[in-house]
Amino acid sequence: MLALEFAGIRIQLPSNQPLLLLKRHEQNLYLPLWIGAPEASAIAMSEQGLTPPRPMTHDLLINLLEALEVSLQRVEIVSVQNAIFTAELVLSNGKRVDSRSSDAIALAVRAQCPILCTEEV
């Protein structure tokens, strides 16, 4: 597994499609993931430290994990097929949960946990 870091959200022109960028720590290599506008907004809000008056979906999930005394240990991007990335949430109890990559990154940004990626991806 390769370690990646969240490098930000960009807008691809002229389509105005949000693009999530992950960067390889040791190199100047980026992994672009096209995501939806709601997911981009949720990630950008968290990255900027903005706290809504009520928990957003990703905040709710982090709160739920805390209430269950389980933490998000890391996020793994495990496959890509037809430009669709698949991720898994790895929890402190050893369980793995299938996830959309955008949701996994949104949670990783909030939990400040490692983001890993298979070499194949």
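This is a short tour of a predicted model, from the whole chain down to single residues.

Residues are numbered from 1 along each chain as its sequence is written. Local features need pLDDT of at least 70 and side-chain atom pairs count only at pLDDT 80 or more, while totals for chains, interfaces and linings use all residues; side-chain values use heavy atoms, with hydrogens and water left out.

**Whole chain**

Show the protein as a cartoon. There are 3 helices and 7 strands, where helices (H or I, at least four residues) and strands (E, at least two) are DSSP runs numbered from the N terminus. Followed from the N terminus, the order is β-β-β-α-α-β-β-β-α-β. The C-alpha trace spans about 40 × 35 × 25 Å along its principal axes.

Now switch on the surface. About 7300 Å² is accessible, and 52% of that belongs to carbon and sulfur atoms; the areas come from the Shrake-Rupley method with a 1.4 Å probe. Of the 121 residues, 38% count as buried, meaning under 20% relative accessible area (1.4 Å probe, protein chains only).

**The core**

Select Leu22 and Ile105. Within the largest nonpolar core, which has 28 residues, these two touch the most other members. Helix α3 (residues 101-111) gives this core its largest share, 6 residues. A nonpolar core here is a set of buried Ala, Val, Leu, Ile, Met, Phe, Trp, Tyr and Cys residues joined through side-chain atoms within 4.5 Å. In soluble globular proteins, nonpolar side chains tend to be buried together.

Stay on Ile105 and display its surroundings. Apart from neighbours within four places in sequence, Ile105 is in contact with Phe6, Leu20, Leu22, Val75, Ile77 and Ile115; contact means heavy atoms within 4.5 Å.

**Ser102**

Next pick Ser102, also in helix α3. Is Ser102 buried or exposed? Ser102 is buried, because its relative accessible area is 6%. Its contacts, leaving aside neighbours within four places in sequence, are Ile35, Glu39 and Ile43.

**Helix α1**

Glu39 and Ile43 lead to helix α1 (residues 37-47), where they are among the buried residues. Add Ala40, Ala42 and Ala44 to complete that buried set. Which elements do the buried residues of α1 pack against? They pack against strands β1 (2-12), β2 (17-24) and β6 (96-100), and against helices α2 (57-67) and α3.

End the tour at Gly49, just after α1, which takes a positive phi of about 75°.

Conventions:
Buried < 20%, exposed > 50% of the residue type's maximum accessible area, 1.4 Å probe, protein only.
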